[in-house]
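I sat down with this model to work through it one item at a time. Here are my notes, in the order I looked things up.

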Amino acid sequence: MTEASIQAGAAPTSRYFLVDADATDQFGRELAAAQPVTAVVHLQGELGAGKSTLARAWLRALGVTGPIRSPTYTLVERYPLDGGEALHLDLYRIGDAGELEFLGLDEADVALWLIEWPERGSGALPRPDLTIELAVEGDGRTLQLTPGTPAGRDWIGRVDVAVQHGEGGSA
Ligand SMILES: Nc1ncnc2c1ncn2[C@@H]1O[C@H](COP(=O)(O)OP(=O)(O)O)[C@@H](O)[C@H]1O
Ligand SMILES: [Mg+2]
């Protein structure tokens, strides 16, 4: 594929089925293993779709050993990592996107943004390399990956290969 194959409205997406919460954890680890050095990720889906489950497994895979708290009330939880900070945001309860300014997030030091409910902070967030959409389907979840940048497209390619070659409960 060439750069030109990414066009507005025609982004190549990948879809997976995650049979249970363990499969979501496994997928979080695959995303972490394949991620670029810096990445902005938007996590979309209704309450209970599995966004936080995915984020938690992902942060663990990056080496977070202490508690991983939900950012539901704090809006952001921060994790120092070797390659720079990881931020986990949940904007479900944000009043308006202007509140993000008061969090004092310095983009320069952030290696990874995992943002739940990004639609509530639109205009005040960095552009996503990857948008992940989760949805309930039967007893499991569907997960769709859409790239927002060339780095995101390459990332999806790596994940596709890893999932096809691993056993994981996805694909
Ligand atoms: N693939 C899956 N199949 C079934 N249940 C799942 C799956 N992934 C996560 N869950 C469960 O869904 C519930 C809600 O997940 P959570 O991550 O808190 O959702 P969200 O952050 O999107 O509101 C949790 O009980 C979790 O164990
Ligand atoms: Mg959540």
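Which helices and strands each supply at least two residues of the shell around ligand 1? I found α1 (21–34), α2 (51–61) and β7 (140–147). Helices (H or I, at least four residues) and strands (E, at least two) are DSSP runs, numbered from the N terminus.

**Ground rules.** I am reading a predicted model, where local features need pLDDT of at least 70 and side-chain atom pairs count only at pLDDT 80 or more, while totals for chains, interfaces and linings use all residues. Residues are numbered from 1 along each chain as its sequence is written, and chains are lettered from A and ligands numbered from 1 in the order in which they are written.

**Confidence.** I checked pLDDT, the predictor's confidence in each residue, from 0 to 100. The chain averages 89, and 91% of the residues score at least 70. I am leaving residues 1–10 alone: pLDDT stays under 50 there. For that stretch the model has six contacts beyond four places in sequence; a contact is a pair of C-beta atoms, placed from the backbone, within 7 Å.

**Ligand 1.** I counted 16 residues around the ligand, and L18, G50, K51, S52 and T53 come nearest. To be near, a residue needs its C-beta atom, placed from the backbone, within 6 Å of the molecule or strand. By class, I noted five nonpolar, seven polar and four charged residues in the shell. Here Ala, Val, Leu, Ile, Met, Phe, Trp, Tyr, Cys and Pro count as nonpolar, Asp, Glu, Lys and Arg as charged, and the others, Gly among them, as polar.

**Helix α1.** I compared its length with expectation, which is 1.5 Å times one less than the number of residues. The 14 residues of α1 should span 20 Å, and its end C-alpha atoms are 20 Å apart, so the two agree. Next I listed its buried residues: A23, T24, D25, Q26, F27, G28, E30 and L31. Buried is 20 or more other C-beta atoms within 10 Å of the residue's own, exposed is 12 or fewer, and partly exposed is in between, with C-beta atoms placed from the backbone. The cover over these α1 residues includes β1 (14–18), α2, β7 and α4 (150–165).

I followed that last helix to A162, which lies in α4. A162 touches E30, A33 and A34, not counting residues up to four places away in sequence. A162 and E30 are 132 residues apart along the chain, yet their C-alpha atoms are separated by 7.2 Å. A162 counts as partly exposed because it has 18 C-beta neighbours inside 10 Å.

**Helix α2.** Is α2 largely enclosed or open? It is largely enclosed by the rest of the structure, because eight of its 11 residues are buried. I wrote them down as K51, S52, T53, L54, A55, A57, W58 and L59. Their cover includes α1, β2 (39–44), β3 (76–81), β4 (84–90), β5 (110–116) and β6 (130–137).

Just past the helix, L62 lies in the loop between α2 and β3. I see L62 touching A32, L81 and A86, leaving out residues up to four places away. After α2 comes G63, with a positive phi near 110°.

**The core.** The largest nonpolar core has 35 residues, and V41, L114 and I115 have the most contacts inside it. α2 gives the most to this core, with five residues. Such a core is a set of buried Ala, Val, Leu, Ile, Met, Phe, Trp, Tyr and Cys residues joined through C-beta atoms within 7 Å. For V41, contacts beyond four places in sequence are W113, L114, I115, P128, D129, L130 and I132.

**Positive phi.** Most residues other than glycine have a negative phi. Which residues go against that here? I noted L75, with phi near 70°, and W117, with phi near 60°. L75 lies in the loop between α2 and β3, and W117 in the one between β5 and β6. L75 counts as buried because it has 21 C-beta neighbours inside 10 Å; W117 counts as buried with 20.

**One more loop residue.** G123 also sits in the loop between β5 and β6. Buried or exposed? G123 counts as exposed, because it has 8 C-beta neighbours inside 10 Å.

Definitions and conventions. Contact = placed C-beta atoms within 7 Å.
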